[in-house]
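The following exercises concern the structure displayed below. Each task is followed by a solution that proceeds step by step.

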Amino acid sequence: MTGARFVVRLVSILVPSDRRERWVDEWVAELHHYEVHLKGGGRSASSTAARVCLRAIESVGDAAWLRWRQGPPGSTGLVRHSLVGLVRRPSFTLSVIATLGLGLGASTAIFTLADALLLRPLPFPEPERLVVVSDARSPNRGVDAESLDFWREQDRLFLDVRARVGTSVVLTGAGQARSYRAESVEPGFLDVLGVRPILGRPFTADDAAGEARVVLLADEVWREAFARDRDVVGRSIELNGEAHTVIGVLPPGVRRMPGGLVHLLLPMREPPFARLTTLARLHPDIPIDVAQQRVRELWTGWSEERGLTDSGQVTLFSLDRGQGSETRNGLLALAAAVACLFLTACANAAGLLLLRGATRTPEFQLRAAIGASRYSLVGLVLVESLILAMAAGAFGLLVAWWSVRGLLGLMPSTVVRFSYNPISIDERVFAFGFALTVLTGLAFGLVPAMRAGRAVAARAGRTVTASGSDVRLRAMLQVTQVALAMLLLVGAGLFGRSFERLMDDDPGYDPASLVALELTSLERLRGQERTTAAAQALDERLRGLPGVAGVTRSGGTGFLFDYTLETEERPAWDPPTIYMPHQYVDTAFFNTMGIALRAGRGFVASDVDNGALVIIDEDLADALWPNEPAVGRRFRTRDDEWLTVIGVTENVKLDGPIEPFGPYYIFYPASPEELRNGTVAIRSVGDPRDLTRPIRATVSEVDPDQPIRSLLTGTEVTRETVADTRLLAVITRYLAVAGLLLAVVGVYGFVSFSVAQRHREIGIRVALGADIPRVVGAVFRSGLGLGMVGVATGLVGVFAASRFLPVLLYETQPLDPLVIAFAATALLVACAGALLGPAHRAASADPADTLRSE
Amino acid sequence: MRLTLPTATVLEALVHGHGYGFEVVEVTGIRAGTVYPVLRRLEEHGYVRSSWEDPERARREGRPSRRNYELTSEGRRLAVEAAERYPGVGRMFGPRSLERPADA
């Protein structure tokens, strides 16, 4: 509670001195009680400390009230004086509040995301003991259903092993049909996770065996579809057209399960597939690497015993957060960038406070001369700094709230939706940033106050120059700001270039004039025939819409996973990529998508029944038959039927420029029946955004109950695939602009203050015959000198950071000379711009003025 | 003195024998930064009086000593008025106790 106690002591300065001691006692009792209460609730020490700190900050209201009740200020009148002082210098006050508030808000927002997505432990007890037992190639391959009991028997290794299968269901009978993601799990699955429903009960063995169908709701569905109705337990709801009884509601923390986002849990009746994904809880006494080793040995033994060849390897995967390394590295880079900005903001505010302190030296000396105690001078600065920090904190909280919302919009939707932890402003991060803000305010506000307190009031009223150490300190702060701004600018330049290259990349089709429509499949409710009819009716209506140049359907991208290819000319060959997407398409596909055929022909309706005809992309054609025509040739994946190539398209990147599934594509012809649940792509004559409204209207005209899963323009789809890079590019751009502005404001402040201080000296020099260009030159030299030292320091930082950047960049060098040159020039030009004002003032120094003022 | 909703709620908490500031914060759910100024205002107007517990006792129990607030007879009258003005507040706490229970 030390931190919270410190806050209360600090705030107590506001309380009239006769009541101060008792006031502190009462708040300490309050905080003590709150702390005991929080600890009793099982909170972690850090969370408790942060909450108690926030409670301590509430004491400001109480203290301010007491101060206000005291009536007109007494001998010190700290608060009123401070407020008056701040209001009288609005530009100083607003600059500090804006600078610190922006820095604090941006940092809180980014760290909030990093914390939720990367740092905070998964919301299950002892999450490090949760593992997925699976084929060694991927945790999604799972194990075969037969071996499940074998793994369950290993009770010295696992406390329990349970299977799960992801599925999707349609909820009907409550307004428009809604599609939800469900997990079908074995009873006992929730015990493995360590989760209990907050309402109702978990599944039992009877639920999986009995006649009655039951379901558990996740918090999100309970909130959205049932308005948190506590009587929902026992109610019957219709899933895929069958009545299910709600038996419970999951706690709000459980928004995601190992398989992905979860809305509903269903009991697994009997294993629906030959392979099942698993979740196991390791025995507490077994370290994970030992368990890993044991699992391999056990599997080899079991396979041999059963005479299985080719049974692969089984291993343990720890339950990860489901975020790719790009997101991880991206967020870490952002955290670093935002830390740079926060430090810039602190350095800037520190410079402003030092400057203000220096200009107030005469005031302090005057106050000291007329009897103000050192305590009251220090108190004045302290209260002023506190007020500034509080205001900056409040502003920062607003900025953080707004930024988190903005950031969520920029993040890849999968990252946000698949986060285990809910993403909301984290009080610990905010408390930390706030504490740093207050400390900056106090530390740099106090330096001049202490000095003033010590000063003898001999020269009161005379203009004084700041001490040498003061100037050095401010020069250092200035250099730091420029250096940090340099880092931010280079970062923004690199990510911006990288993003540009990604977006400029030729995807092999024309996303700019396309709209992609995905519908929730109602086939389980309506049957295949009605679904096909509805799909055809919809396509027909869409084709008739004004502004539509074409409509095509393509079927859910399947993958060949870990495949081997062979041609008639060449024996088996393992391509370097482990996936190969294959897509089922209709005859209009290539035309509508704007994919050019390099050789051969497109599909015609009769190709569907004609057996194994395919179209492949140029990458695959080159890989199979380098420098030879591919049309008419045959290839196959191991032991499959031979496929004849009838056409070759240009290189396509349908899954985004990064090509997450490798460069090879195979297209198969498919009939309208086969494509009834496929994605609809609509080609627009004009701006595709104009089509989204009529498309929505058409969908609901054809079938009012049909939910739309997504409706995005082609550009939006591409953006989504490069969202990680885009996020970095957009945010670092903002951060860099903010950093540049702060640095420029800092340089301006520094130089104009020193010009103001040297006004007399400059005046005398001019009187003695110094020429104006020399005076102006001196101003530029001092300002640009600072800028150059800053840029050079920043460059050192850029070199140091360049080691970590390549993974985040696309076709861009981390030490891109153009970007570095641009950043350095931009900074120096901006600094030079900031010097124009002070240089003008120096040049117009009138010696007569100077002499008069002496 | 204005009889605001927070004031009425704090009065009701005091009627129900929650005499420490932190207790009032806990049972009412109002922020500490609001509760304490309300208590101070009530005390200033004579609706509430406060006393500090024996520091020796707090020391024995290893915690800071507490300040206890108690309604004066004026305060009780104000509490009745508050309950009439804000009938919902009374329902937060259940039946009223007429006397403050002895300090446990």
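**Exercise 1.** Determine in which order the elements of chain B run from the N terminus on.

*Solution.* In this predicted model, the order in chain B is α-α-α-β-α-β-α-α. The inventory of chain B is accordingly six helices and two strands. Chain B has 104 residues, of which 36% count as buried. Turning to sequence separation, take the contacts in chain B with a separation of 6 or more: 60% of them are between residues 24 or more positions apart.

**Exercise 2.** Classify the arrangement of helices α2 and α3 of chain B, and describe their contact.

*Solution.* Step 1: helix α2(B) spans residues 21-28 and helix α3(B) spans residues 32-44. Their axes come within 10 Å and cross at roughly 125°. Step 2: this angle makes α2(B) oblique to α3(B), because it lies neither in the range of 65 to 115 degrees nor over 145. Step 3: the crossing of the two helices is right-handed. Step 4: α2(B) contributes B:Gly21, B:Val24 and B:Val25, which meet B:Ala32, B:Val35, B:Tyr36 and B:Leu39 of α3(B). Step 5: by class, the residues of this contact are six nonpolar, one polar and no charged.

**Exercise 3.** Describe the side of chain B that touches chain A.

*Solution.* Step 1: the contact involves 14 residues from chain B and 16 residues from chain A. Step 2: on the side of chain B, the elements giving two or more residues are α2 and α3. Step 3: α3(B) gives the most, with six residues. Step 4: the side of chain B comprises five nonpolar, four polar and five charged residues.

**Exercise 4.** A:Arg228 and A:Asn627 are not glycines; state the sign of phi for each, locate each residue and decide whether it is buried or exposed.

*Solution.* Step 1: A:Arg228 has a positive phi of about 55°. A:Arg228 lies in the loop between α10 (219-226) and β7 (236-239) of chain A. Step 2: a residue counts as exposed if 12 or fewer other C-beta atoms lie within 10 Å of its own. A:Arg228 has 11 other C-beta atoms within 10 Å and is therefore exposed. Step 3: for A:Asn627, phi is also positive, near 60°. A:Asn627 is found in the loop between α20 (618-624) and β20 (634-637) of chain A. Step 4: with 5 other C-beta atoms within 10 Å, A:Asn627 is exposed.

How values were computed. Residues numbered from 1 in each chain as written. Chains lettered and ligands numbered in written order. Predicted model: local features only at pLDDT ≥ 70, side-chain atom pairs only at ≥ 80, totals over all residues. Axes fitted to C-alpha atoms, helices over the stretch in contact; angles between N-to-C directions. Helix = DSSP H or I, 4+ residues; strand = E, 2+ residues; numbered from the N terminus. Parallel < 35°, antiparallel > 145°, perpendicular 65-115°, else oblique. Left-handed = near helix turned anticlockwise from the far one by under 90°. Contact = placed C-beta atoms within 7 Å. Nonpolar A, V, L, I, M, F, W, Y, C, P; charged D, E, K, R; others polar. Buried ≥ 20, exposed ≤ 12 C-beta atoms within 10 Å, placed from the backbone.
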